[in-house]
Amino acid sequence: MRTFLAHVELANPITTAAGCASSGRELAQFFDLHRLGALTTRSITMAPRAGRPTPRMAETPSGMLNAVGLQGPGIDAFLERELPWLAQRGVKTIVSIGGGTVAEYSELARRLADAPGVTALEVNLSCPNMEDRGRVFAREGSAAAEVIASVRSIMRYDVPVIAKLAPDVADIVSVARACVDAGADALSMINNPLGMAIDTEALRPSLAAVTGGLSGPAILPLAVRCVWQVHAALPGVPLIGVGGVMSGKDAFQLVLAGACVVGVGTALFHDPYACLRIERELEDLLRARGFHRLADAVGLAHRPPGSAPRHLLVDTEDSTP
């Protein structure tokens, strides 16, 4: 089940999705965090943020909407309390960062460059660009590339830089290619697409912010489509598949589409053991289908019909010399 995120080896492909496990303390009450492939933190910002006004979460028929707004204590508190707690326990940690300007992303990278315990850096590009009329960085390849190039120039060479992409774009492949050309070592997709719900009793939007990110089973087909398209265009780039993963079968879809790592998010809100369950279910699926290793299933759905992976397990009782 081991996999590689750029040059970093993970014991298994399951990680938490940014924003769904804070910085690990809550999940640590239920199981040893070493059982995760990696833990992805919430998106860390320069200054403390209280987040959006309430109500900022609402259930939908196949998931939920959220407009939390990157709530968190800021980089100083993260470096003082949260990252050392993870580092002391040897947890592989993907630190997510978010900013409103290229300078903010650069400063966050600078503060994290020499911090012990950073396994990889995930750049949350779904933040409004405060210097460009609030346009989201992830929606324009040039804006996303500028952030990635700045972060990559500052971050240590041994720490992979991951660009997290949004599906609300005309051509996700062009944005992905721009990020890779700018120095991204891996890509994570997808961040939540925008959605909206209206409370028919109150006759008002369900969220105080009106719109919010849609997550849960409803977006799995969107995530699979994005991973498929980007893997087809950039087959050598490691991909983290995120969005709507509730079971090992869901994770398997993303792996077959081209993801070598799978993020689990909304499922954790009702099942803190979801990551462990999904990892076990995925392993069982791989074994049942004769795979010797996870790597042989990555992107397999792109191969011509009838072709087999390289290292299928063989039943020696039925095989011939």
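**Figure 1. Strand 13 meets strand 16 in this predicted model.** We start with the pairing of strand 13 and strand 16 (residues 211–215), which run antiparallel and are joined by three bridges. If you want a spot to zoom in on, pick M196, which stands opposite T211 in strand 16. Strand 13 itself covers residues 194–196.

**Figure 2. The antiparallel sheet around strands 5, 6, 16 and 13.** Zooming out from that pair gives an open sheet of four strands, and the order reads 5-6-16-13 with antiparallel pairing. Strand 5 and strand 13 sit at the edges with a single partner strand each, so one side of each has no neighbour in the sheet. Neighbouring strands here are turned by 40° against each other on average, direction ignored.

**Figure 3. The hairpin of strand 5 and strand 6.** How many residues lie between strand 5 and strand 6 in their hairpin? There are two residues between them. Strand 5 (residues 57–60) and strand 6 (residues 63–66) pair in the antiparallel sense, with four bridges holding the ladder. In that ladder, M57 stands opposite N66 in strand 6. Check the faces of strand 5 as well: A58 and T60 make up the covered face, while M57 and E59 are on the uncovered one.

**Figure 4. A nonpolar patch on the surface.** Which residues make this nonpolar surface patch? The contributors are M196, I198 and V210, and together they give a patch of about 270 Å². M196 is the residue you met in Figure 1, opposite T211. I198 belongs to strand 14 (residues 198–199). Is I198 buried or exposed? I198 is exposed, because its relative accessible area is 53% and the exposed class begins over 50%.

**Figure 5. The eight-stranded parallel sheet.** This view takes in an open sheet of eight strands with parallel pairing, and reading across you get 3-18-17-12-11-8-7-4. Strand 3 (14–16) and strand 4 (39–44) are the edge strands, each with a single partner strand, so one side of each is left without a neighbour in the sheet. On average, neighbouring strands of this sheet are turned by 25° against each other, direction ignored.

**Figure 6. Inside the parallel sheet, at strand 7 and strand 8.** Strand 7 (residues 93–97) and strand 8 (residues 120–124) run parallel and are joined by four bridges. S96 stands opposite E122 in strand 8. Another residue of strand 8 worth a look is A120. A120 counts as buried because its relative accessible area is 1%, and buried means under 20%. For a sense of scale, the C-alpha atoms of A120 and G216 are separated by 25 Å, and the two residues are 96 apart along the chain.

**Figure 7. A salt bridge between helix 2 and helix 3.** Side chains of opposite charge can pair when their charged atoms come close. Here the side chains of D76 and R111 meet in a salt bridge, at 2.6 Å from N to O. D76 lies in helix 2 (residues 75–88) and R111 in helix 3 (residues 102–113), so the pair ties together parts that are 35 residues apart in sequence. D76 is partly exposed at 48% relative accessible area, and R111 is partly exposed too, at 26%.

**Figure 8. Two further charged spots, at E9 and D271.** The structure holds 12 salt bridges, and here are a couple to click through. E9 forms one with R2, the closest N and O atoms being 3.3 Å apart. E9 is partly exposed, with a relative accessible area of 33%, whereas R2 is exposed, with 54%. Over at D271, the partner is R277, and the closest N and O atoms are 3.2 Å apart. D271 counts as buried, because its relative accessibility is 17% and the buried class is under 20%. What else joins in? E281 does: D271, R277 and E281 are linked in a network of salt bridges.

**Figure 9. The annotated span, end to end.** An unreviewed UniProt entry carries the annotation "domain: Dihydroorotate dehydrogenase catalytic" for residues 4–286. How far apart are the end C-alpha atoms of residues 4–286? They lie 17 Å apart. The span is 32% helix and 23% strand.

Definitions and conventions. Residues are numbered from 1 along each chain as its sequence is written. This is a predicted model: local features need pLDDT of at least 70, side-chain atom pairs count only at pLDDT 80 or more; totals for chains, interfaces and linings use all residues. Side-chain values use heavy atoms; hydrogens and water are left out. UniProt positions are given in the numbering used here, feature names are shortened, and annotations may be inferred rather than shown by experiment. Patches are made of residues with over 30% relative accessible area and no salt bridge: like charges are joined within 9 Å, nonpolar side chains (Val, Leu, Ile, Met, Phe, Trp, Tyr) within 5 Å. Accessible areas come from the Shrake-Rupley method with a 1.4 Å probe; for residues, only the protein chains shown count as cover. A salt bridge is a side-chain nitrogen of Lys or Arg within 4 Å of a carboxyl oxygen of Asp or Glu. Buried means under 20% relative accessible area, exposed over 50%, partly exposed in between (1.4 Å probe, protein chains only). Two strands pair if DSSP finds at least two bridges between them. Axes are lines fitted to C-alpha atoms, for helices over the stretch in contact, and angles run from 0 to 180 degrees between N-to-C directions.
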